[in-house]
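User: Could you take me through one part of this model in detail? I would like a close look at the sheet and how its strands are put together.

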Amino acid sequence: MRAAQAFLRDLAYAAGDGPAALARFWPQALRYRYPRRHLVEAWTGEGAAFARYATPQGPVFLKYLPAGWRDPRAYRRLAREGRFLRDLAPGLPVAHAPLLDLALDRARARAHLLTRDLTGETTGWGALNSDSAREAALHDIVRLLARFHAHWAGPGQGALTGRWAWRPDEVLTQAQAIAGAAVGNEAPILQRAAQALPALLEAAPLVTLVHGDIHSGQVLWRDGEPVLIDYGQVHPSVPGEDLAHLLAVRLSPAERTRLGPALRNTYREALAEAGLSLSPAQVQAQERAGTALNLLSTAGQAGHSTGSGVQEALAFVMQAWNELD
Ligand SMILES: Nc1ncnc2c1ncn2[C@@H]1O[C@H](COP(=O)(O)OP(=O)(O)OP(=O)(O)O)[C@@H](O)[C@H]1O
Ligand SMILES: [Mg+2]
């Protein structure tokens, strides 16, 4: 009954000027802006729902929270992505889907964002059909990360204020909380990582924005050029957090051993090309700090999710950390 009421309230609200809550029924302002639209496809994911439309102004892509959802974490991610695309991305020299519309209502935890639909002009990781093509694509991804990091550590640094400011004290407090709550065999390893974190961050003194959830599904290719999507986890940090996320969380230990050295090289070269020169030792210090951060954040996620994906990710990053420790 409660859920049905929440659903109806969201619908009524979305029909007015609230954020969209259904793929087929848009808020008034959007209806006026795109009076002739045609729904092409709609689906619901884990953290949001999605719909693609054809309009006379071109194809558009809606990411929204479906009617009836009350998921503060999903709201926070969508709000973060929306603010990033609205406030920071316009100056970013990394290809992304430009924001067309954003609606945020924090009190009701409702949100939508509309971007250009890139489906017709791009292909994804799934279209790569050989190991060598996938390996080349991983190099594209680390180059993309390098350009993203060099921008926010350099010319974009001035924009990192307010909610985008780096607050290492908060990161350390959260790391301690995760390590303190850990139980079982992992607890002493997490506690050691949390204890080591201040020194690891001190050895990696570079602040940037990180994508925060980089993996092969977050990149689309347009005429061979990678486009970065899904900014729901963007936050200030050391660049090594993204590098370690890709290498230690998203690649298996065997893949990391095989591909890691060349990927680190590509990352370092692309950073230098984008104006940020780091020595191999400095990249290594970044990756160490980043591995500790990912170990703790993945353990934090595993604490409130039993999904096999998170457990596997935790096993991968635990192994990477043990190799460093
Ligand atoms: N602007 C866009 N144009 C075309 N396709 C897009 C666009 N944005 C996202 N997609 C597609 O939708 C998928 C999901 O989007 P996104 O990565 O932003 O959400 P997500 O948070 O990963 O979703 P989930 O919670 O379901 O994993 C992407 O993997 C991509 O295939
Ligand atoms: Mg995604």
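Analyst: Happy to; here is a walk through the sheet, strand by strand. Please keep in mind that this is a predicted model.

The sheet is open and has five strands, in the order β1-β2-β3-β5-β4, with antiparallel pairing. β1 (38-44) and β4 (99-105) are the edge strands; each has a single partner, so one side of each lacks a neighbour in the sheet. From one strand to the next, the twist averages 15 degrees.

Let us move inward. β2 (residues 49-54) and β3 (residues 60-64) run antiparallel and are joined by five bridges; within this pair, Arg52 has Phe61 of β3 as its bridge partner. β3 is also linked to β5 by five bridges, again antiparallel, and here Val60 stands opposite Arg116 in β5.

On its other side, β5 meets β4 through six bridges, in an antiparallel arrangement. Leu102 is paired with Leu113 of β5 there. The hairpin of β4 and β5 has four residues between the strands, and Ala109 takes a positive phi near 55 degrees in it.

β5 deserves a second look: six of its seven residues are buried, so the strand is largely enclosed by the rest of the structure. Helix α3 (residues 72-88) lies across β3, β4 and β5 (110-116), and runs at about 40 degrees to β5.

For wider context, an unreviewed UniProt entry annotates residues 58-270 as "domain: Aminoglycoside phosphotransferase". Over residues 58-270, the chain is 47% helix and 15% strand, with its end C-alpha atoms 33 Å apart.

Technical notes
Residues numbered from 1 in each chain as written. Chains lettered and ligands numbered in written order. Predicted model: local features only at pLDDT ≥ 70, side-chain atom pairs only at ≥ 80, totals over all residues. UniProt positions renumbered as here; feature names shortened; annotations may be inferred. Helix = DSSP H or I, 4+ residues; strand = E, 2+ residues; numbered from the N terminus. Pairing = 2+ DSSP bridges. Axes fitted to C-alpha atoms, helices over the stretch in contact; angles between N-to-C directions. Contact = placed C-beta atoms within 7 Å. Buried ≥ 20, exposed ≤ 12 C-beta atoms within 10 Å, placed from the backbone.
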